[in-house]
Amino acid sequence: MVRTYLLGLFEVTGIENVPRTGPLIICANHSATLDPPLVPAFVPRADTWTMAKAEFFRTPVMALIFRMYHAFPVVRHTADRTAVRRALDILKAGHVLLMYPEGTRVESGVLGPAEPGAGFLAQKAACTVVPVALVGTKKVLPKGARWPRRGKVTISFGKPFVLLQKRADGSRVSHDEASDAIMVAIAELLPPEQRGVFSDLESHRRRLAGVTRLA
């Protein structure tokens with residue numbers, strides 16, 4: 001549907017960066033209603049599960065729709081232990097977990113600060129992470145729009161990496177640092193005007209040196 005409606009305006013890059021087997025966390029920026037169904041539609045694995053806000057599961061019809069595309073609820077901005085256990089079970093089984101590290105849709109369209117959840121899960125599961133950058137989705141389906149507009153949209157899958165527990169000097173890598181490292185990887189795939197709080201990439205790279213290694 002997306003390829004047809006956005007014919008000539010839609011592009012997916014970096015698919016080759018997605019490992020075809022094994023546990024994997026995919027982390028994307030989130031600024032539009034279009035994002036949650038769009039990313040898993042182009043992940044080249046059928047075993048992809050998405051963390052979605054619990055509000056989507058309040059009615060039977062909506063709950064059914066979200067579960068049909070492998071989504072499960074998480075209570076945002078809390079330590080939702082049920083969702084964490086489900087996420088770790090998914091990774092332990094060798095499947096893919098799709099997350100939005102900011103924890104919510106960022107209305108400004110630029111990167112906001114990350115919550116520690118993505119970093120925690122990546123460190124706990126010791127699995128590969130693939131960053132994803134979405135560009136143009138906010139203009140195609142802005143808040144309150146009843147029908148998508150035609151516009152240029154790109155989905156970019158970045159190089160896979162692993163988040164470490166400790167730096168080479170033995171100092172501990174916090175969950176916040178791990179999550180920030182994920183956001184920096186996403187920011188590197190975005191145009192400068194969309195990097196938001198991660199615009200100063202060099203400063204963040206220095207601060208987070210030794211936090212990741214290539215997978």
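The accessible surface of this chain comes to about 11,000 Å², and 59% of that area belongs to carbon and sulfur atoms (Shrake-Rupley method, 1.4 Å probe; for residues, only the protein chains shown count as cover). The model is a predicted one, where local features need pLDDT of at least 70 and side-chain atom pairs count only at pLDDT 80 or more, while totals for chains, interfaces and linings use all residues. Residues are numbered from 1 along each chain as its sequence is written, and side-chain values use heavy atoms, with hydrogens and water left out.

**Exercise 1. The chain as a whole**

Describe the overall build of the chain, starting from its helices and strands.

Solution.
- Step 1: Take the inventory, which is 8 helices and 9 strands. These are DSSP runs, numbered from the N terminus: helices are H or I with at least four residues, strands are E with at least two.
- Step 2: Check the compactness. The radius of gyration is 17 Å, close to the 17 Å that the globule rule gives for 215 residues, so the chain is as compact as a globular protein of that length. The radius is taken over C-alpha atoms, and the rule is 2.2 Å times the number of residues to the power 0.38.
- Step 3: Add the dimensions. Along its principal axes, the C-alpha trace spans about 55 × 35 × 30 Å.
- Step 4: Look at burial and contacts. Of the 215 residues, 48% count as buried (under 20% relative accessible area; exposed is over 50%, partly exposed in between; 1.4 Å probe, protein chains only). Among contacts with a separation of 6 or more, 72% come from residues 24 or more positions apart, a contact being heavy atoms within 4.5 Å.

**Exercise 2. The partners of strand 3**

Find the strands that pair with strand 3 (residues 48–53), and give the bridge partners of Thr 50.

Solution.
- Step 1: Start with strand 5 (residues 96–99), which pairs with strand 3 in the parallel sense over 3 bridges. Pairing requires at least two bridges found by DSSP. Here Thr 50 has Leu 98 as its bridge partner.
- Step 2: Turn to strand 4 (residues 71–74), which runs parallel to strand 3 and is joined to it by 4 bridges. In strand 4, Thr 50 is partnered by Ala 71.
- Step 3: Follow the connection. From strand 3 the chain passes through helix 3 (residues 60–68) to strand 4, a right-handed β-α-β crossover. Right-handed means that, with the strands pointing away from the viewer, the path from the first strand over the helix to the second runs clockwise.
- Step 4: Inspect the loop between helix 3 and strand 4, where His 70 sits. His 70 has a positive phi of about 60° although it is not a glycine, and this residue is partly exposed at 26% relative accessible area.

**Exercise 3. From helix 5 into strand 6**

Walk from helix 5 (117–125) to strand 6 (128–135) and list the pairings of strand 6.

Solution.
- Step 1: Note the buried residues of helix 5: Ala 118, Gly 119, Leu 121, Ala 122 and Gln 123.
- Step 2: Just after helix 5, Ala 126 takes a positive phi of about 50°. Ala 126 counts as exposed, at 58% relative accessibility.
- Step 3: Enter strand 6, which is mostly covered, with 7 of its 8 residues buried.
- Step 4: Work through its neighbours.
  - Strand 2 (residues 24–28) is parallel to strand 6 over 5 bridges, with Ile 25 opposite Val 129.
  - Strand 7 (residues 153–157) is antiparallel over 4 bridges, with Leu 134 opposite Ile 155.
  - Strand 8 (residues 161–163) is antiparallel over 2 bridges, with Thr 128 partnered by Val 162.

**Exercise 4. Aromatic pairs**

Examine two of the 5 aromatic pairs in the structure.

Solution.
- Step 1: Recall the criteria. Rings of Phe, Tyr and Trp (its six-membered ring) pair if their centres lie within 6.5 Å; planes under 30 degrees apart count as stacked, over 60 as edge-to-face and the rest as tilted.
- Step 2: Phe 10 and Phe 42 form a tilted pair, 5.0 Å centre to centre with 45° between the planes. Phe 10 lies in strand 1 (residues 10–13) and Phe 42 in helix 2 (residues 35–42), so the pair ties together parts that are 32 residues apart in sequence. Both Phe 10 and Phe 42 are buried.
- Step 3: Phe 66 and Tyr 69 are also tilted, at 5.4 Å centre to centre and 40° between the planes. Phe 66 is buried at 8% relative accessible area, whereas Tyr 69 is partly exposed at 24%.
- Step 4: Widen the view: ring pairs link Phe 56, Phe 57, Phe 66 and Tyr 69 into a cluster.
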